[in-house]
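User: I have a model open and want to go through its fold and packing. Can you take my questions one at a time?

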Amino acid sequence: ANVHVALCDNFDTTTAMAALVNMASEVNKYMNSMPETDLRALLIRKTATYITQMLRTFGVIEGHDDIGFPSAESAGGGDAEAMVAPYVDAMVQFRDQIRERARKEGLKELLELCDAVRDDVLVSLGVRVEDRTDAPSTWMKDDPETLKREVEEKRQQAKQAAEKKRRNQLNTKIKELDKWTKARVTPQEMFKAEEGKFSEFDTETGIPTKDNEGKPISKSVAKNLEKMRKKQTDLVEDFLAKGGEQLIAQLEMDIASLQLELSSLDS
C-alpha cells in the first residue's frame, strides 16, 4: 500500500524504494525471529516476488527470475558475481542518493531504512557495504554468516555505548536534583535543620548564637557560619531564577525518562 501511494504521488520513487526496503527488512526480521518450521513460507515468497517485480519495474534488476537478482543459470551462464555487479552497483548508488537526501533534510527514519538495507537485506545476500565520508559507498561479496556476526557485534557495541551515555546523563541529573533539592531550605532555616547542634539563633538571619550547651558561638565559628549562610543565599537565588519547583519537577521527569530508556536497553 505504501509503495502504491508513493507512486501515485507524482511517481515518488524515493519513498517507494524506502517502503520496499522497509518491507524487505521486516521480512528478514521475521525470518530471524522464529524457527524455520514455524515460518509462513507462502507469505515470504509472495513478499519476495512483489519486491522483485517492483525492482524490475524500476530497472534495478533484469532477467525473468521470480525472486531476487537473476541467477547465472537464467542468464545463460558466466560468472555470477560479475553478472550481478551492475545491479548491486545500481542498488548501492541509489541508496547513497537516498542517504544524501535524508542527511540534508534531517530524515532520520529514512537513514534508518538505509542502514537496514546495508545491515539486513544486503547482508543476507552476502554483500558487504562500506559507507564512506564524502565518498560513494563501496561493496564486495562476503560470507553472509560472517557479515551477520559482524553486524550483531556492532549493534551490541552501539547498545553498550548508548547505555553508558544514558547512565552518565542519569548520574548528572541525579546530582543536579540533589543540589537543587538543598536549595529548598532558606538561609534562615538551614541551621535550625541541624537538630541538637545549636540552641539559639539570630531572629533575622537565622545564624546560631549559642551551641547546644547554651554557650555563645565564638567569633571564628560565627564567621564560618556567615559564609555558609551566604553560600546558601546564592544557591536559593539561583534556584528561584531557574524556575524553582518547576526545575525540580523537570529534573524528576528527566530522571524517570532516562531510567525508562536504560530499562529498555537492558531488556
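**Fold, shape and cores**

User: How many helices and strands are in the protein chain, and which pattern do they follow along the sequence?
Analyst: This is a predicted model. Its protein chain holds eight helices and four strands. Read along the sequence, the pattern is α-α-α-α-α-β-β-α-β-β-α-α.

User: What radius of gyration does the protein chain have, against that of a compact globule of 267 residues?
Analyst: The C-alpha atoms fill a box of roughly 105 × 40 × 35 Å along the principal axes. A compact globule of 267 residues would come out near 18 Å. The radius of gyration of the protein chain is 32 Å.

User: What percentage of the residues count as buried?
Analyst: Buried here means under 20% relative accessible area. The accessible surface of the chain comes to about 17,400 Å², with 52% of it belonging to carbon and sulfur atoms. Of the 267 residues, the buried share is 31%.

User: Which residues have the most contacts inside the largest nonpolar core, and which element supplies its largest share?
Analyst: That core has 29 residues, and L20 and W139 have the most contacts inside it. α1, α2, α3, α4, α5 and β1 each supply at least two of its residues. The largest share is eight residues, and it comes from α4.

User: Which residues does W139 touch, beyond those up to four places away in sequence?
Analyst: W139 is one of the two residues with the most contacts inside the largest core. Leaving out residues up to four places away, its partners are A85, V88, D89, V92, V127, R128 and V129.

User: How many residues are in the other core?
Analyst: This other core lies apart from the largest one. Among its members are L170, A183, L251 and L258. Its residue count is 12.

User: Where does F11 lie, and which residues does it touch beyond those up to four places away in sequence?
Analyst: F11 sits in the loop between α1 and α2. From F11 to R45 is 34 residues in sequence and 26 Å in space, C-alpha to C-alpha. With residues up to four places away left out, F11 touches A6 and F58.

User: How far apart do the centres of the positive and negative side chains lie?
Analyst: The chain carries 40 positive and 49 negative side chains. The distance between the centres of these two sets is 6 Å.

User: Among contacts between residues at least 6 apart in sequence, what percentage join residues at least 24 apart?
Analyst: A contact needs heavy atoms within 4.5 Å. Among contacts in the protein chain at least 6 apart in sequence, the share joining residues at least 24 apart is 49%.

Methods. Residues numbered from 1 in each chain as written. Predicted model: local features only at pLDDT ≥ 70, side-chain atom pairs only at ≥ 80, totals over all residues. Heavy atoms only, no water. Core = buried A, V, L, I, M, F, W, Y, C linked by side-chain atoms within 4.5 Å. Buried < 20%, exposed > 50% of the residue type's maximum accessible area, 1.4 Å probe, protein only. Rg over C-alpha atoms; globule rule 2.2 N^0.38 Å. Areas by Shrake-Rupley, 256 points an atom, 1.4 Å probe, with all protein chains shown as cover. Lys, Arg positive; Asp, Glu negative; His and termini not counted. Charge placed at Lys NZ, Arg CZ, Asp CG, Glu CD.
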